[in-house]
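Work through the exercises below with the sequence and the model open side by side. Try each task before reading its solution.

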Amino acid sequence: MQSIYDYPTLKAFSAELDRALDPQGRLLQSDSQADGTAIKQDRHYSEDAKNLASKLPNSFPSVNGGSERPLIVLLTGATGFLGAYILRDLLSRSSSVHHVIAHVRAKDAATASARVEQTCAAYGIWGSDWKSRLECIAGDLDKPNLGLSADMWSRLATEVDVIIHNGARVHWVTPYQNLRAANVLSTMAAIELASKEKPKQVVFVSSTAVFEGEHYNKMSDESMAAGGRGILETDDLTASTQSLATGYGQSKWTSEFLLRESGKRGLSGTIVRPGYILGDSIAGSEFCHCCRKVFVQ
Ligand SMILES: NC(=O)c1ccc[n+]([C@@H]2O[C@H](COP(=O)([O-])OP(=O)(O)OC[C@H]3O[C@@H](n4cnc5c(N)ncnc54)[C@H](OP(=O)(O)O)[C@@H]3O)[C@@H](O)[C@H]2O)c1
């Protein structure tokens, strides 16, 4: 199984199978092997994390206690499975959430709104009364400043109270370098936005993929068997510095590292790590990441 992650393209993976079947290169052409090894997944994500950390803001405006007034929330990834449900949850909190600004991959605001409505309707959760408290803005996590115009960036800097960074390229085989812009640099941008103007909290949706590897597997197995405490929330994931094999887990680890470093400089917020998201436990709808379709039972 590890080879699939180490050689994440079909060409590289088949070259690795050839190599495994013919380790001394007696039967097969050697050029296919050379192509394959060139694409091998590397594990330099923690160096990237340290380099990026040197570019983090030095300080953040402080969030003093809980706010009494309803909050303005910026949500990324609202057209995704989890994002649609976060949106529904936020909009159902009429006393604590004033309105939600949804960052959506689209060419303009009208297309962004249509995409969110279409997705939520497909899951059967769209609320006809949402429109007055929902603004959709067009952006792209792959681009600098979340793909937003300078005007929109400074408007969000002065308006938003909470950033929920849930959007990400969710792909378990793509290498780190291909996920870096959408998953890591977008987190850098969210942190940067939080450092400007109005005090903001950042909620980052991470993944249990940051625990891959022997250390945490052993810890959870051992602690379960011994009735132990499991992995503590205070664990800073140092044990995953070198061990993560998937680009996806690496991109989440790097983002978490950047958020923890920002926390030391005054950023307040939360990292959440959902388990496997399988579907709506009541409606039965689920999203397939392989064929990108919604199934409703
Ligand atoms: N699924 C799981 O089992 C699981 C488990 C733990 C954690 N998580 C985390 O939960 C979060 C949501 O996951 P999900 O399962 O809901 O994934 P999803 O359905 O694939 O949703 C991903 C969201 O991110 C958006 N996105 C991706 N690339 C973008 C870009 N370049 N610009 C703008 N938006 C972009 C997608 O927009 P488009 O619609 O435009 O593609 C979509 O709205 C992710 O951070 C993921 O890592 C998921």
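The exercises that follow deal with a predicted model, taking the sheet and then the cores.

**Exercise 1.** Find the order of the strands in the open sheet, and state which strands stand at the edges.

Solution. Start with the strand order: the open sheet has six strands, arranged 3-2-1-4-5-6 with parallel pairing. Next, look at the two ends of that order. Strand 3 (134–139) and strand 6 (268–272) are the edge strands; each has a single partner strand, so one side of each has no neighbour in the sheet. Last, add the twist, which averages 15 degrees from one strand to the next.

**Exercise 2.** Describe the pairing of strand 2 with strand 3 and with strand 1, and decide whether strand 2 is largely enclosed or not.

Solution. Take strand 3 as the first partner. Strand 2 (residues 97–105) runs parallel to strand 3, and six bridges join them. Within this pair, Val 100 is opposite Leu 134, and Ala 102 is opposite Cys 136. Now turn to strand 1. Strand 1 also pairs with strand 2 in the parallel sense, over six bridges, and here Thr 76 stands opposite His 103. For the final step, use the cut-off for burial, under 20% relative accessible area. Seven of the nine residues of strand 2 are buried, so the rest of the structure largely encloses this strand.

**Exercise 3.** Trace how the chain gets from strand 1 to strand 2 and then to strand 3, and place helix 5 and helix 7 against the sheet.

Solution. From strand 1 the chain passes through helix 5 to strand 2, in a right-handed β-α-β crossover. Strand 2, helix 6 (residues 109–122) and strand 3 then form a right-handed β-α-β unit. Helix 5 (residues 81–91) lies across strands 1, 2, 3, 4 (162–165) and 5, at about 170 degrees to strand 1. Helix 7 packs on the sheet, where it touches strand 1, strand 2 and strand 3, and its direction makes about 140 degrees with that of strand 3.

**Exercise 4.** Which residues have the most contacts inside the largest nonpolar core, and which helix gives the most to it?

Solution. The largest nonpolar core has 40 residues, and Leu 74, Leu 156, Ile 163, Trp 253 and Leu 258 have the most contacts inside it. Elements that each supply at least two of its residues include helix 4 (45–53), strand 1 (71–76) and helix 10 (247–264). Helix 8 gives the most, with nine residues. As an example of contacts, Leu 258 touches residues including Ala 49, Leu 52, Val 184 and Met 188. Apart from this core lies another, of 25 residues, among them Ala 84, Ile 86, Leu 134 and Val 162.

Notes:
Residues numbered from 1 in each chain as written. Predicted model: local features only at pLDDT ≥ 70, side-chain atom pairs only at ≥ 80, totals over all residues. Heavy atoms only, no water. Core = buried A, V, L, I, M, F, W, Y, C linked by side-chain atoms within 4.5 Å. Buried < 20%, exposed > 50% of the residue type's maximum accessible area, 1.4 Å probe, protein only. Helix = DSSP H or I, 4+ residues; strand = E, 2+ residues; numbered from the N terminus. Contact = heavy atoms within 4.5 Å. Pairing = 2+ DSSP bridges. Axes fitted to C-alpha atoms, helices over the stretch in contact; angles between N-to-C directions. Right-handed = clockwise from strand over helix to strand, strands pointing away. Lists of a residue's contacts leave out its neighbours within four places in sequence.
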